[in-house]
Structure formats: structure tokens, C-alpha cells
Amino acid sequence: MDNLRLKLARIEKGLSQQELADLCEVTRQTIGLIEKGKYNPTLNLCIKIAITLDKTLNDLFWHENKK
Amino acid sequence: MDERNRQIAYKIISIMYFLTLLAMQAIVLYRQLVLGQDLHEFEDIAIIMTVNSLFLISALLYFGAIPIRKLKIRSILLIYALLVVLGSLFTYAKYNLFGGQELTFRELFDKLIAVFAITGIILLFFIIFSILGKRKMEKELE
């Protein structure tokens, strides 16, 4: 399932995938796969991404109706 | 290299390592049972395999990859008995079925004593590493 909230937050902040990846010290592919929902990042990386985008973990990664 | 690259690399390395161990085990069995070679002809591979497997399981126990809540004497004895039975069956098959030689009771008894002793030493090794690993974990949690 695509993580649209992450994608929107990144665009809102005016960052490309490569820029966000550089700020979080990961590769562009990793950010792309997280946005596509094809890679589950570690909590450390989630926190790094959230801090970089000035969001909370809930804003980016929590799904209200996910069981 | 980020966490995803590392994860993929570790996964591939683990699979390749497992396949290598499996292939080496197959070679040892083939040489032993099909070609009927003596131990000294493949001693080097056998030593590498033994040391490797011994330290692999010990490391898994030490670093907590194999979850052990409590070391119970009953479970240890059960595992020991199981390993002894498997070792004895293998020894019997190796000489009587594949080796084509009928071992006398005395010869078989001598070989079984070796199985009992070696299995005991291996298990003791694992127990020591489990205890050390448990202590390490408790220290980290303090």
C-alpha cells in the first residue's frame, strides 16, 4: 500500500526523493520503496524522516483503520 | 550503504553461507558413505565444518537469536538423548550399511562411547554459551 502521506509531506517541504534521502543518510531507492509501501523502515529511520519533515510518526506512518 | 542495503546483503550472505555449509556437508557424506574414504582423506573439510557449526550455534545462542527462557535439566537431557540416538544410528549405518563391514559388539560399543562423549562435550559448549549470553543480556537490561 502506497504511503501517500509521506509523499505529500515530502512535496509540501519542497524536497525531492534524493534530497530527503541525503538528509536521512539513506539511498533514494529506500525512500522510493517506503513511499511505495514496499519496504518497512526501522523505527530509527522513521524517526529520522519524521524529524526531517517536521512531522510526527503518527502523521507519516500511522494508519487509523489498519488491523 | 543504508539499512535496507545492509538487510538485503545480510539476507543474501546468510543464504549463501547456509548453502555452502549444506554443500560441504553433502561432500563429507558423499566421500564417507559413497566413496568409502577414510576420515583422514577429508579431515580438513570435516574440521572446518565442525568448528563452523559449533561456533555458529554458539553465536546464535550467545547473541540471543535462539530464544531460551530457562535452561531446564529435563530439556537438556532430552536433547542429549536425541543427539546420542541420531549419532548412534549414523555410526551404525556408516559401518554396517554403507561400510559393508559387520562391527562386533565390542567395536560398536567403543564407537558409541565416542558418540556419548563428543555429544556431551558439544552440548556442554552450547550450555556455556547460552549461560554467557543470558548473563550478557541481563547485564544490558540492568
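Colleague: In this predicted model, which helix of chain B has the lowest confidence, and which the highest?

Modeller: The model is predicted, and each residue carries a confidence value, pLDDT, from 0 to 100. Within chain B, the highest mean, 92, belongs to helix α1 (residues 3–34). The lowest mean, 85, is that of helix α3 (residues 73–98). The lowest is thus α3 of chain B and the highest α1 of chain B.

Colleague: What is the mean pLDDT of chain B as a whole?

Modeller: In chain B, 98% of the residues reach a pLDDT of 70 or more. The mean over the chain is 87.

Colleague: What scores does the model have for ipTM and pTM?

Modeller: These two scores belong to the model. The pTM is 0.72, and the ipTM is 0.81.

Colleague: How many helices and strands does chain B have, and in what order do its elements run?

Modeller: Chain B contains 4 helices and 0 strands. Read from the N terminus on, its elements are α-α-α-α.

Colleague: Is chain B spread out or compact, judged by its radius of gyration?

Modeller: For 142 residues the globule rule gives 14 Å, whereas the radius of gyration of chain B is 19 Å. Along the principal axes, its C-alpha atoms fill a box of roughly 55 × 40 × 20 Å. Because 19 Å is well over the value from the rule, chain B is more spread out than a compact globule.

Colleague: What share of the residues of chain B counts as buried?

Modeller: To count as buried, a residue needs 20 or more other C-beta atoms within 10 Å of its own. Of the 142 residues of chain B, the share that counts as buried is 5%.

Colleague: Which span does helix α2 of chain B reach, and what span is expected?

Modeller: Helix α2 of chain B covers residues 43–62, which makes 20 residues. At 1.5 Å a residue, the expected span is 28 Å. From its first C-alpha to its last, the helix reaches a value close to this, 28 Å.

Colleague: Where is B:Ile48 found, and is it buried, partly exposed or exposed?

Modeller: B:Ile48 is found in helix α2 of chain B. It has 13 other C-beta atoms within 10 Å. A residue with 12 or fewer would be exposed and one with 20 or more buried, so B:Ile48 is partly exposed.

Colleague: What distance separates the C-alpha atoms of B:Ile48 and B:Tyr92?

Modeller: Along the chain, B:Ile48 and B:Tyr92 are 44 residues apart. The separation of their C-alpha atoms is 24 Å.

Colleague: Which residue just after α2 of chain B takes a positive phi?

Modeller: The phi angle in question is about 80 degrees. The residue that takes it, just after α2 of chain B, is B:Gly64.

Colleague: How does the radius of gyration of chain A agree with that of a compact globule, and what is its value?

Modeller: Chain A has 5 helices and 0 strands, and its C-alpha trace spans about 30 × 20 × 20 Å along the principal axes. A compact globule of 67 residues would have a radius of gyration near 11 Å. Chain A agrees with this, since its own value is 11 Å.

Colleague: Which helix gives the largest share of the largest nonpolar core?

Modeller: The largest nonpolar core has 11 residues, among them A:Leu6, A:Leu20, A:Ile34 and A:Leu53. The elements that give two or more residues to this core are α1, α2, α3 and α4 of chain A. The largest share, 3 residues, comes from α2 of chain A.

Colleague: Which residues beyond its neighbours in sequence are in contact with A:Leu6?

Modeller: A:Leu6 belongs to the core of 11 residues. Neighbours within four places in sequence are left aside here. The residues in contact with A:Leu6 are then A:Ile34, A:Glu35 and A:Leu60.

Colleague: Is A:Glu25 buried or exposed?

Modeller: A:Glu25 lies in the loop between α2 and α3 of chain A, and has a positive phi of about 60 degrees although it is not a glycine. It has 10 other C-beta atoms within 10 Å. The limit for this class is 12 or fewer, so A:Glu25 is exposed.

Colleague: How many residues does each chain give to the contact between chain A and chain B?

Modeller: On the side of chain B, the residues divide into no nonpolar, 1 polar and 3 charged. The contact takes 4 residues from chain B and, from chain A, 7 residues.

Terms used. Residues numbered from 1 in each chain as written. Chains lettered and ligands numbered in written order. Predicted model: local features only at pLDDT ≥ 70, side-chain atom pairs only at ≥ 80, totals over all residues. Core = buried A, V, L, I, M, F, W, Y, C linked by C-beta atoms within 7 Å. Contact = placed C-beta atoms within 7 Å. Nonpolar A, V, L, I, M, F, W, Y, C, P; charged D, E, K, R; others polar. Expected span 1.5 Å × (residues − 1). Rg over C-alpha atoms; globule rule 2.2 N^0.38 Å. pLDDT = per-residue confidence, 0-100.
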